[in-house]
Amino acid sequence: MLINPINVEAKAKSNATIKNIKVNSDNSIKIKIKAKKSKKIKGYQIRYSLKKNMKEAVKVTTDKKNVTVKKLKASRLYYVQVRTFEMVNGKKVYSKWSPKEKARTKSKIKVNKLTIKLEDGSEIVLDGDGNVVNKENKK
């Protein structure tokens, strides 16, 4: 009597979401993952992309709930998702992806002070936020 092996496709439960996304001044994204505690969960997979449909997404696998993704382009909108994985018979079994979260990186250019010289000889000084700090008339 022969017994045929049963091929079972298992899926991990989807319980991971993104708790918080923070963009740092060096254009890295700090991601906090929220997931229910379970002994089965062995880690998390994060993917991020410039495209909403997640084409050309970069995937990062980790076992930590706080992850910092570095070397991102400045002044761009990134879409981020996370999912859990568990080990079943020595293979990784993934859950569904979480809903997409958005994070916009900051501009590389930071102006502390801007001086504008006008044709009539006067100067206008602006701070980093574009507010007028000083106006001088030279006649």
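This is a chat between a trainee and a mentor about how the labels on this predicted model are earned.

Trainee: What should I know before we start?

Mentor: This is a predicted model, where local features need pLDDT of at least 70, side-chain atom pairs count only at pLDDT 80 or more, and totals for chains, interfaces and linings use all residues. Residues are numbered from 1 along each chain as its sequence is written, and side-chain values use heavy atoms, with hydrogens and water left out.

Trainee: How many helices and strands are in the chain?

Mentor: Zero helices and 11 strands. Helices (H or I, at least four residues) and strands (E, at least two) are DSSP runs, numbered from the N terminus. Read along the sequence, the pattern is β-β-β-β-β-β-β-β-β-β-β.

Trainee: What share of the chain counts as buried?

Mentor: Of its 139 residues, 32%. Buried means under 20% relative accessible area, exposed means over 50%, and partly exposed is in between (1.4 Å probe, protein chains only). The accessible surface of the chain comes to about 10800 Å², and 48% of that belongs to carbon and sulfur atoms. Those areas come from the Shrake-Rupley method with a 1.4 Å probe; for residues, only the protein chains shown count as cover.

Trainee: Why is Ala 35 called buried?

Mentor: Its relative accessible area is 13%, and the label needs under 20%, so Ala 35 is buried. You'll find Ala 35 in strand β2.

Trainee: And what is Ala 35 in contact with?

Mentor: Leaving aside neighbours within four places in sequence, Ala 35 is in contact with Asn 15, Ala 16, Tyr 44 and Lys 65. Contact means heavy atoms within 4.5 Å. Asn 15 sits 20 residues from Ala 35 along the chain, with 5.6 Å between their C-alpha atoms.

Trainee: Why is Leu 77 called partly exposed?

Mentor: Leu 77 has a relative accessible area of 22%. That falls between the two cut-offs, so partly exposed is the right name. Leu 77 is in strand β6, and it touches Ser 49, Leu 50, Lys 102, Ala 103 and Arg 104, not counting residues up to four places away in sequence. Leu 77 and Thr 105 are 28 residues apart in sequence, yet 6.5 Å apart in space, C-alpha to C-alpha.

Trainee: What makes Lys 51 and Glu 56 a salt bridge?

Mentor: The term asks for a side-chain nitrogen of Lys or Arg within 4 Å of a carboxyl oxygen of Asp or Glu. Here the N to O distance is 3.2 Å, so the pair qualifies. The structure holds one salt bridge. As background, side chains of opposite charge can pair when their charged atoms come close.

Trainee: Is Glu 56 buried or exposed?

Mentor: Exposed: its relative accessibility is 67%, which is over 50%. Lys 51, at 38%, is partly exposed.

Trainee: What else is notable about Glu 56?

Mentor: Glu 56 has a positive phi of about 60 degrees although it is not a glycine. Most residues other than glycine have a negative phi. Glu 56 is found in the loop between β3 and β4. Lys 71 also has a positive phi of about 60 degrees without being a glycine, and it lies in the loop between β5 and β6.

Trainee: Which residues gather in the patch of positive charge?

Mentor: Lys 19, Lys 22, Lys 30, Lys 32, Lys 34, Lys 37, Lys 65 and Lys 106. β1 and β2 are the elements that give two or more residues to it, and the largest share, three residues, comes from β2. Patches are made of residues with over 30% relative accessible area and no salt bridge: like charges are joined within 9 Å, nonpolar side chains (Val, Leu, Ile, Met, Phe, Trp, Tyr) within 5 Å. Lys and Arg count as positive and Asp and Glu as negative, while His and the chain ends are not counted. The place of a charge is NZ of Lys, CZ of Arg, CG of Asp or CD of Glu.

Trainee: How do you know that Lys 37 counts as exposed?

Mentor: Its relative accessibility is 82%, and the cut-off is over 50%, so Lys 37 earns the label. Lys 37 is found in the loop between β2 and β3.

Trainee: Which residues form the nonpolar patch?

Mentor: Leu 114, Ile 116 and Leu 118, with about 220 Å² of accessible area together. Leu 114, in strand β9, has 40% relative accessible area, so it clears the over 30% cut-off for patches.
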